[in-house]
Amino acid sequence: MKVFFVASEGVPFSKTGGLADVVGALPKALATLGHRISVFLPRYRSTLPGQPLPRVADLTLPFRPNLEFAAVENAGETQGVRTYLLSAPAYFDRDGLYQAHGQDYPDNARRFAAFCLAAIEFLKRDADPPDIIHCHDWQSALVPIYLRSLYRDDPFFQRVRVLFTIHNLAYQGLFPPPTLEAMALPSSLFTIEGLEFYGKVNLLKGGILYSDFISTVSRKYAEEIQTAEYGCGLDGVLVSRRDRLVGILNGVDYDEWNPATDKFLPANYTPSDLKGKEVCKAELLKRMGAATPQMDWPVLGIVSRFATQKGFDLIGEIADRLMAKELYIVALGTGEPQYEELFRQMAAHYPNKFLAKIAYDNALAHQIEAGADMFLMPSRYEPCGLNQIYSLKYGTPPIVRATGGLDDTIEDFDGKSGTGFKFHQYSAEALLEAIERALAAYREPTLWRKIVRNGMKKDFSWAQSARQYVAVYEQLAGVSRSAQAAAAEMSS
Ligand code: ADP
Ligand code: GLC
């Protein structure tokens, strides 16, 4: 299979969240299975800063009334995956990927229209088309939209199929109607059967409607998004395409996230020798400024985007009762101002116990995974979630709300077996009850070690999920049977 990934972020070139981890790792796993994979990303200011790269194409983007020009650079080949970067400095040479000072860039529609047109124009220069274009989230949803409109009659794309992966249904790419023209799209697309959504243009809706197949990043989330509670207004559209929708759980990249080899840690460790984890805990508490660290108090770790999705309002609600206990919370994150403020206030109120860093810091993210005893993810919804899977590997049992990928990846500890602690209802009381269960288990060292090792033994590497994607690709390209059946069969 020849597969072309179009995405707005990917490790190691750019990252704001888990999408980048997926786009960094899934292509490698597919290449390992023998497929020809290229990845197309924007070149942001933070992408390989100051590093000149060979220019491999000059493109004309069919905007009207004035055409625009952009270039594609070759960022090389790693583990069989080629990466191409779109160089369009007017759109991407900026400090943020999508926003500045908490506000989306006002020209985001135009920026990602340029990106998607460039992806299509770049493909057309190749001698043979890919079998599959694999798009991710609203920023690349314009690829299927253009293929069904501007490029509808282009023979080059007649046999090309599009898989669209939803990583987060809440981010839809909503723009006012005049934006259609700025994206070089006909106004005829602005209908209820098309891109119209409560008076706005909805690009994610276009991605769902105009792609040949849709996937999302866990089985549970694939079900949830077909309900009014989790559907973000698109549940009806998703139900209408449910025979073309599948949930494929994300894997994780154990080359990057493995306590036995992690180069960000002060000491490495394995399930059979956990001594290094104690060193990581002591160093973490020191680094975060805990005075006279109590090594027998558990450390509850948080590494997250601060967004309403992540459920931190629940922690605010139980702050006093939680922080009265003998424990530390070590938190790392950035995002919406109200949550940054909440974490700052908690750090000020509970000095020496609530240790927070409001920042994006990859090394510290690894050190928290290793140095914490438990990991907190009380998400309102979670399409997949990667940190809880990293936590399992790092021997840091997660406390999670049973939603989306959190529910699919964590087995609730039932007194005998399990890998973490789950709660169901979205309430502060339910969260506190789950934390209390975890604390009780922690006080029994033999039992705790068992839970730790149960998690460390789990294997969420990409190989299995990559095979499920291949099954979908093959079905779409007409070389195998029903994509849904094939993917479902492989995941059972
Ligand atoms: P989401 O994509 O919704 O943010 P995921 O759990 O899928 O959630 O992925 C989050 C990724 O971003 C993880 O790799 C996590 O370590 C990383 N991350 C999130 N916030 C930070 C931060 N403040 N510093 C470093 N890494 C972070
Ligand atoms: C999104 C989701 C997260 C998921 C990630 C990668 O950012 O919020 O749950 O793990 O995409 O698919």
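User: What makes up the shell around ligand 2, by class?

Analyst: This is a predicted model, and in it the shell around ligand 2 has six nonpolar, six polar and two charged residues. Glycine counts as polar here, so Gly385, one of the residues that come nearest to ligand 2, is placed in the polar class. Cys384 also comes nearest, and cysteine counts as nonpolar, so Cys384 goes into that class.

User: Which residues around ligand 2 come nearest?

Analyst: There are 14 residues around ligand 2, and His167, Asn250, Glu382, Cys384 and Gly385 come nearest. To be near, a residue needs a heavy atom within 4 Å of the ligand.

User: What makes Gln309 a polar contact of ligand 2?

Analyst: A polar side-chain atom of Gln309 and an oxygen atom of ligand 2 lie 3.0 Å apart. The cut-off is 3.5 Å for a pair of N or O atoms, so this pair counts. Gly385 passes too, with a polar backbone atom 2.8 Å from an oxygen atom of ligand 2. For Pro383, a backbone N or O atom lies 3.5 Å from an oxygen atom of the ligand. Taken alone, ligand 2 exposes 310 Å², and the protein buries 93% of that.

User: Why is ligand 2 said to lie between domain 1 and domain 2?

Analyst: Domain 1 (2-251 + 463-491) and domain 2 (275-456) both give residues to its shell, so ligand 2 lies between them. Among the elements, helix α1 (residues 18-32) gives the largest share of that shell, three residues.

User: How many residues surround ligand 1, and which are the closest?

Analyst: Ligand 1 is surrounded by 22 residues, and Lys15, Gly18, Arg305, Lys310 and Ala359 are the closest. By class, its shell has eight nonpolar, eight polar and six charged residues. Lysine and arginine count as charged, so Lys15, Arg305 and Lys310 are among the charged ones.

User: What makes Lys15 a polar contact of ligand 1?

Analyst: An N or O atom in the side chain of Lys15 is 2.8 Å from an oxygen atom of ligand 1, and the limit is 3.5 Å, so the pair qualifies. Two backbones join in: an N or O atom of the Gly18 backbone lies 2.6 Å from a ligand 1 oxygen atom, and one of the Leu386 backbone lies 2.8 Å from a ligand 1 oxygen atom. On its own ligand 1 has 560 Å² of accessible area, of which the protein covers 94%.

User: Where does ligand 1 lie, and why?

Analyst: Ligand 1 lies between domain 1 and domain 2, because both give residues to its shell. The largest share, three residues, comes from β15. At least two residues each come from α1, β15 (299-306), β16 (328-335), α13 (362-371) and α14 (387-393).

User: What lines the second largest pocket?

Analyst: The lining is made of 16 residues, and Glu278, Asp373, Tyr442, Trp448 and Arg449 lie nearest the centre of the pocket. By class there are six nonpolar, two polar and eight charged residues. Glutamate, aspartate and arginine count as charged, so Glu278, Asp373 and Arg449 belong there. Helices α9 (275-287) and α17 (445-457) each supply at least two residues of the lining. The volume of this pocket is about 380 Å³.

User: What joins Val11 and Pro12?

Analyst: A cis peptide bond does, with omega about 5°. Pro12 sits in the loop between β1 (2-6) and α1. Another cis peptide bond joins Arg64 and Pro65, with omega about 0°; Pro65 is in the loop between β3 (55-61) and β4 (68-78). Most peptide bonds are trans, which is why such cases get a mention.

User: Is the phi of Leu48 positive or negative?

Analyst: Leu48 is not a glycine, yet its phi is positive, about 40°. Most residues other than glycine have a negative phi. You can find Leu48 in the loop between β2 (36-42) and β3.

Technical notes:
Residues are numbered from 1 along each chain as its sequence is written. Chains are lettered from A and ligands numbered from 1 in the order in which they are written. This is a predicted model: local features need pLDDT of at least 70, side-chain atom pairs count only at pLDDT 80 or more; totals for chains, interfaces and linings use all residues. Side-chain values use heavy atoms; hydrogens and water are left out. A polar contact is a pair of N or O atoms within 3.5 Å; within protein, one must be able to donate a hydrogen and the other to accept it, and residues adjacent in sequence count only if both atoms are side-chain atoms. Accessible areas come from the Shrake-Rupley method with a 1.4 Å probe; for residues, only the protein chains shown count as cover. Helices (H or I, at least four residues) and strands (E, at least two) are DSSP runs, numbered from the N terminus. Domain bounds come from an automatic or database domain assignment. On a 1 Å grid over the protein atoms alone, a cavity is a set of points where a 1.4 Å probe fits but cannot get out, and a pocket is an open set with protein on both sides within 12 Å along at least five of seven lines; lining residues have an atom within 4 Å of a point. Grid points are joined across faces, edges and corners, and a volume is the space filled by probe spheres set on the points.
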